[in-house]
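The following paragraphs give a guided reading of one protein chain, from helix packing to the nonpolar interior. Please keep the sequence and the coordinates at hand.

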Amino acid sequence: MDDLTKRTAKNLKETSNIKERDQIIKSNYGFDYDRNFRGMLIKMIGLVGVETLEKRLDAVIHQKMKVALSNLKIVRNQVSHTYVKNISLGTISAPSQTHSYFLDVYNGLLDMEKTMKTLRIIK
């Protein structure tokens with residue numbers, strides 16, 4: 001996600017804009033598609049650019065990526081926000097399930113990259 005976002009603004013020349021781009025990416029640390037990844041893209045290519053991009057994506061692949069990110073976020077938050085000793089961390093997905101989520105995210109990012117290249121958002 002960070003790489004795709006950074007590549008949308010690869011041709012920036014002004015130091016202050018490059019710092020802003022890097023700060024946008026650095027301050028993002030969540031798994032949520034709409035709040036995190038989409039938000040970074042909106043800051044880089046604008047709402048019109050993101051809308052154009054999303055219309056061209058494979059809808060099934062894109063939806064699977066969003067669902068996988070949501071599922072990973074839920075599990076991640078359960079584990080990372082548990083601070084009490086000797087308290088069950090809840091349910092953690094089996095490695096095969098987590099791998100499946102990652103494949104859905106990976107395929108979604110590949111489709112996004114391909115579409116961004118087609119739209120000439122990135123090279």
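An interaxial angle counts as roughly parallel under 35 degrees, as roughly antiparallel over 145, as roughly perpendicular from 65 to 115, and otherwise as oblique. In this predicted model, the axes of helix α3 (residues 33-56) and helix α5 (residues 95-118) cross at roughly 45° and come within 11 Å. α3 and α5 are therefore oblique to each other. The crossing in which α3 passes α5 is left-handed. On the α3 side, the contact is formed by Tyr-33, Phe-37, Leu-41, Leu-53 and Arg-56, while α5 contributes Leu-109, Met-112, Thr-115, Met-116 and Thr-118. By class, the residues of this contact comprise 7 nonpolar, 2 polar and 1 charged.

These two helices belong to a chain that contains 5 helices and 0 strands. Of its 123 residues, 28% count as buried. Among the contacts with a separation of 6 or more, 67% come from residues 24 or more positions apart.

In soluble globular proteins, nonpolar side chains tend to be buried together. Here, the largest nonpolar core has 22 residues, of which Leu-4, Phe-37, Leu-41, Met-65, Val-105, Met-112 and Met-116 touch the most other members. At least two residues of this core come from each of α2 (15-26), α3, α4 (59-80) and α5. The most is given by α3, with 7 residues.

Phe-37 appears both in the contact between α3 and α5 and in the core. Beyond its neighbours within four places in sequence, Phe-37 contacts Met-1, Leu-4, Thr-5, Asp-32, Leu-109 and Met-112.

Technical notes
Residues numbered from 1 in each chain as written. Predicted model: local features only at pLDDT ≥ 70, side-chain atom pairs only at ≥ 80, totals over all residues. Heavy atoms only, no water. Axes fitted to C-alpha atoms, helices over the stretch in contact; angles between N-to-C directions. Helix = DSSP H or I, 4+ residues; strand = E, 2+ residues; numbered from the N terminus. Left-handed = near helix turned anticlockwise from the far one by under 90°. Contact = heavy atoms within 4.5 Å. Nonpolar A, V, L, I, M, F, W, Y, C, P; charged D, E, K, R; others polar. Core = buried A, V, L, I, M, F, W, Y, C linked by side-chain atoms within 4.5 Å. Buried < 20%, exposed > 50% of the residue type's maximum accessible area, 1.4 Å probe, protein only.
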